[in-house]
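Let's walk through this fold, from the sheet outwards to the helices and a few single residues. Have the viewer open while you read.

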Amino acid sequence: MTQYRCSSFQAEVVVLKFGSSILESLDHFQDAAFEVKRFVDKGYKVIAVVSAIGNTTDALEGNQNAFNLSNNQTSAKARALLLATGELQSVAYLTQTLLQQNVQSDFITNPIVAEGDYANATPLHINQSLFHGLLSTQQAIVVPGFIAENKDNEPCLLGRGGSDLTALFIAHQLQAKRCILLKDVDGVYHLDPNKFKDAIRYETLTYDCAKEKATQVIQPQAITWAKAHCLTFQIGKLNGNNYTTVGTLETRQATQLSRQVNIYEVA
C-alpha cells in the first residue's frame, strides 16, 4: 500500500491540469472534455486547469520581445497581460466544448490572488466563495493556469510552467481529493522514453526524487511548493488509470515495463 505524507482531502473534488502537449490544437479540446466528463461520471466535481494551446505562449513571448522595451514596471505588467491571453482562450474553448457535451460548466478567469513580481508571482489565496458557489451548482469549473492577479487587480504570472503550480495550489486550497497533472504519457520515467526503449515508469516518487527525475515534465517551483505544503499529486495521461504519484515516502518503479513518447513538456 502506498504511504502518503499528510494531504487532507474532500471526497468529491478532483483537479485536472491540461498542459500544452494535451491542448495542441482546437481539435484536442474534445479529448480534454471527454476526460473531464470521465471524472464527472464517476461522481467528482472537476476543476479543469488549462494551459495555452500548443506553442501559443512562445508566440506571444516573441510578439512581446519585438517591442524591445526595457523591463520597467509598466512593460512587465503589459507582458503579463499579453501572455495571459493564451490561457484565457483555452478557458473559453474548453468551457464551450464541455457545454456541447452536456457537462454543467462555468469558468473563473482570475482564480488566484498572488504577490510579488509580475512574471514570477507567489500565490496567496483563491476566491473561496466564488469556487464554492460554482461547485454547488456546476459539475466542472474551468480556470486558466499560469496567470493570477495581485491585490491591485493587475495581471501577474506564476512563472513558465506555472499551470502546474496553479493546479497544485487550487487543489490544496480546496482540499481536493486528487490533483492530476495530465501529460501525453502515463507518468515519469527513469530515462527519456523517446530515446530509450527500456525506459521504466515510476509508480511513486518522493519530492526529492521528483526534483531529480521530473523537472522536465513538472515545474520545479511546483514540486518545491508541493513539498512545503505536504501535497501529493499524480502525473498521467488522458483516459489512463496508471499514474506516477509524487509526494510518497518512497520511490518505486512500476513492475511492468512501459514505453511512451513525447514525455518532456513544461506548460
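Which residue in β9 is the bridge partner of Phe 18? The answer is Leu 182. Before going further, a word on the source: this is a predicted model, where local features need pLDDT of at least 70 and side-chain atom pairs count only at pLDDT 80 or more, while totals for chains, interfaces and linings use all residues. Residues are numbered from 1 along each chain as its sequence is written, and side-chain values use heavy atoms, with hydrogens and water left out.

**The sheet**

Helices (H or I, at least four residues) and strands (E, at least two) are DSSP runs, numbered from the N terminus. Nine strands form an open sheet with mixed pairing, in the order β3-β6-β2-β1-β9-β11-β12-β10-β13. Its edge strands, β3 (105-107) and β13 (252-253), each pair on one side only. Pairing here requires that DSSP finds at least two bridges between the two strands. As background, strands of a sheet pair through backbone hydrogen bonds, either parallel or antiparallel.

β9 is a good place to stop for a bit. β1 pairs with β9 in the parallel sense over five bridges, and four bridges join β9 to β11, also running parallel. Leu 182 turns up again here, standing opposite Gly 236 in β11. Six of the six residues of β9 are buried, where buried means under 20% relative accessible area, exposed over 50% and partly exposed in between, using a 1.4 Å probe and protein chains only. Both faces are covered: Arg 178, Ile 180 and Leu 182 are buried on one side, and Cys 179, Leu 181 and Lys 183 on the other.

Further along, β10 (residues 202-205) and β12 (residues 244-246) run parallel and are joined by two bridges. Leu 205 has Val 246 as its bridge partner in β12.

In β2 you'll find Val 50, which counts as buried because its relative accessibility is 0%. Val 50 has contacts (heavy atoms within 4.5 Å) beyond its neighbours within four places in sequence, among them Phe 18, Leu 23, Val 91, Leu 94, Val 142 and Ser 163. Its C-alpha is 10 Å from that of Phe 29, with the two residues 21 apart in sequence.

**The helices**

For the angles, axes are lines fitted to C-alpha atoms, for helices over the stretch in contact, and angles run from 0 to 180 degrees between N-to-C directions. Helix α1 (residues 29-40) lies across β1 (13-18), β2 (45-50), β6 (140-144), β9 and β11 (233-237), at about 165° to β1. Helix α4 (residues 128-135) lies across β1, β2, β3 and β6, at about 145° to β6.

Then there are the helix pairs. Helix α2 (residues 56-65) packs with helix α3 (residues 73-100) at an angle of about 150°, and their axes are 9 Å apart. The two are therefore roughly antiparallel; angles under 35 degrees count as roughly parallel, over 145 as roughly antiparallel, 65 to 115 as roughly perpendicular and the rest as oblique. The residues of this contact divide into three nonpolar, six polar and three charged. Here Ala, Val, Leu, Ile, Met, Phe, Trp, Tyr, Cys and Pro count as nonpolar, Asp, Glu, Lys and Arg as charged, and the others, Gly among them, as polar. On the α2 side, the residues include Leu 60 and Glu 61, and on the α3 side they include Arg 79 and Leu 82.

The axes of α4 and α5 come within 11 Å and cross at roughly 80°, which means that α4 is roughly perpendicular to α5. Gln 128, Phe 131, His 132 and Leu 135 of α4 meet Ile 170, Gln 173 and Leu 174 of α5. That contact splits into four nonpolar, three polar and no charged residues.

**Single residues off the sheet**

Most residues other than glycine have a negative phi. Here are two with a positive value:

| Residue | Phi | Location |
|---|---|---|
| Asn 153 | about 60° | loop between β7 (147-149) and β8 (155-157) |
| Gln 175 | near 55° | loop between α5 (162-174) and β9 (178-183) |

Asn 153 counts as exposed because its relative accessibility is 59%, whereas Gln 175 is partly exposed at 36%. Asp 208, found in helix α6 (residues 207-213), is partly exposed at 41% relative accessibility. The C-alpha atoms of Asp 208 and Thr 224 are separated by 8.9 Å, with their positions 16 residues apart along the chain.
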